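Work through the exercises below with the sequence and the coordinates at hand. Each task is followed by a stepwise solution.

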Amino acid sequence: MPSLPLVSIICLCYNHARFLRQALDSVLAQTYPNLEIIIVDDCSTDGSMAIIAEYLAQHPQLTFISTRHNRGNCAAFNMGWRASQGEFLIDFATDDVLLPDRVAQQLAAFQQLDSSYGVVYSDAEYISDSGAHLYLHSRNFAPAPSGSVFAEVLRRYFICSPTMLVRRQVFDYLNGYDENLYYEDFDFWLRSSRKYNYHYLNKVTTQRRIHGSSMSRRWYTKGDPHLASNIKIMQKALALVQTPEEQDALLVRLKAEVRHAYFSGNFAIAQQLFLLMHQAAPSLPPTYILMERLNKYKVDLSPLRKLYYRLRYRNR
């Protein structure tokens with residue numbers, strides 16, 4: 001009887017003490033038996049290390065890595081990936097929760113797919129700081145595609161990153177995450193989907209926690225460090241597009257990015273995005289010509305954006 005594939009779960013911790021026990025318990029409770037569990041702590045300062053030490057003493061199968069100084073998510077994951085042996089990998093933030101059959105269900109899906117598929121992703125339940133149900137990812141991002149998703153990745157956000165199970169060969173091909181970036185997922189989706197297919201598993205496999213320290217809470221605020229990374233990723237995207245459909249998708253993304261940057265008062269970033277738009281298209285629509293002029297003179301319309309999001313998401 002063939003042995004089961006090894007799955008490596010890279011557990012990334014940075015000041016997750018409040019959530020760490022529930023997160024690690026969810027990994028240890030997986031019904032799939034052949035796991036390699038690696039905990040990478042990015043120099044937490046909140047007592048996380050005491051909890052990690054407790055788990056290491058109780059569960060000798062766990063592997064621990066310290067980054068020694070705070071290096072950020074991309075570099076911390078790469079340390080875990082390089083130390084791992086699994087044929088498949090999960091990038092798991094230890095403020096989230098894996099449901100018990102997560103690995104088993106996704107691996108079963110992989111076993112029905114050919115080698116062109118590099119990623120299986122799924123639906124997720126968003127939970128609050130206290131663990132209360134908020135909503136399902138699929139509520140706002142359906143339908144989720146399978147197969148070649150490069151153009152769709154360019155066009156819109158639809159993948160919940162914590163739900164991904166990834167073939168090791170994908171990370172080997174990409175040489176891991178780009179450590180020059182502040183965040184990893186959009187760049188990973190673009191570069192990996194250019195070569196590999198994605199498969200959507202229509203099941204909730206993961207609970208993604210939304211709390212005050214979540215990286216997503218800082219998106220598109222003034223001075224947001226994600227935005228400089230967006231420029232680098234969009235420059236890569238310009239080099240990756242190959243078809244008119246992909247070119248159209250790139251323009252949709254650039255329009256969205258420039259709107260977010262301008263209406264959040266990040267004028268320098270918006271100007272760089274306008275330059276990329278000029279490279280991607282022969283001419284801009286009149287609305288964006290006006291926006292570019294307003295951006296040049298730093299006309300601040302960020303209060304309108306804040307009002308829009310307050311009205312749109314007031315019931316969440």
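**Exercise 1.** In this predicted model, find the salt-bridge partner of Glu-152 and classify the burial of both residues.

Solution.
- Step 1. Glu-152 pairs with Arg-156, and their closest N and O atoms are 2.4 Å apart.
- Step 2. Buried requires under 20% relative accessible area and exposed over 50%.
- Step 3. Glu-152 has a relative accessible area of 25%, so Glu-152 is partly exposed.
- Step 4. Arg-156 is also at 25%, and therefore partly exposed.
- Step 5. Elsewhere, salt bridges with shared partners link Asp-178, Asp-187, Arg-191 and Lys-236 into one network.

**Exercise 2.** State which parts of the chain are tied together by the salt bridge of Arg-21 with Glu-54, and by that of Glu-179 with Arg-71.

Solution.
- Step 1. The structure contains eleven salt bridges. In the one between Arg-21 and Glu-54, the closest N and O atoms lie 2.7 Å apart.
- Step 2. Arg-21 belongs to helix 1 (residues 17-28) and Glu-54 to helix 2 (residues 48-58), so this pair connects parts 33 residues apart in sequence.
- Step 3. Arg-21, at 37% relative accessibility, is partly exposed, as is Glu-54 at 28%.
- Step 4. For Glu-179 and Arg-71 the closest N and O atoms are 3.9 Å apart.
- Step 5. Glu-179 sits in the loop between helix 6 and helix 7, and Arg-71 in the loop between strand 3 and helix 3, so the bridge ties parts 108 residues apart in sequence.

**Exercise 3.** Identify the residues that touch the most other members of the largest nonpolar core, and the helix that gives the most to this core.

Solution.
- Step 1. The core has 59 residues, of which Met-164, Phe-188, Tyr-198 and Leu-273 touch the most other members.
- Step 2. Helix 10 gives the most, with eight residues.
- Step 3. Beyond its neighbours within four places in sequence, Leu-273 contacts Ile-231, Met-234, Leu-254, Glu-257, Val-258 and Ala-261.
- Step 4. A separate second core of 29 residues includes Leu-20, Val-27, Leu-98 and Val-120.

**Exercise 4.** Describe how helix 10 packs on helix 11, and which residues make the contact.

Solution.
- Step 1. Helix 10 (residues 267-280) and helix 11 (residues 286-296) pack at about 145°, with axes 10 Å apart.
- Step 2. The crossing is left-handed.
- Step 3. Helix 10 contributes Phe-267, Ala-270, Gln-271, Phe-274, Met-277 and His-278, and helix 11 contributes Tyr-288, Met-291, Glu-292 and Asn-295.
- Step 4. These contact residues comprise six nonpolar, three polar and one charged.

Note on methods
Residues are numbered from 1 along each chain as its sequence is written. This is a predicted model: local features need pLDDT of at least 70, side-chain atom pairs count only at pLDDT 80 or more; totals for chains, interfaces and linings use all residues. Side-chain values use heavy atoms; hydrogens and water are left out. Axes are lines fitted to C-alpha atoms, for helices over the stretch in contact, and angles run from 0 to 180 degrees between N-to-C directions. Helices (H or I, at least four residues) and strands (E, at least two) are DSSP runs, numbered from the N terminus. A crossing is left-handed if the near helix is turned anticlockwise from the far one by less than a right angle, and right-handed if clockwise. Contact means heavy atoms within 4.5 Å. Ala, Val, Leu, Ile, Met, Phe, Trp, Tyr, Cys and Pro count as nonpolar, Asp, Glu, Lys and Arg as charged, and the others, Gly among them, as polar. A nonpolar core is a set of buried Ala, Val, Leu, Ile, Met, Phe, Trp, Tyr and Cys residues joined through side-chain atoms within 4.5 Å. Buried means under 20% relative accessible area, exposed over 50%, partly exposed in between (1.4 Å probe, protein chains only). A salt bridge is a side-chain nitrogen of Lys or Arg within 4 Å of a carboxyl oxygen of Asp or Glu.
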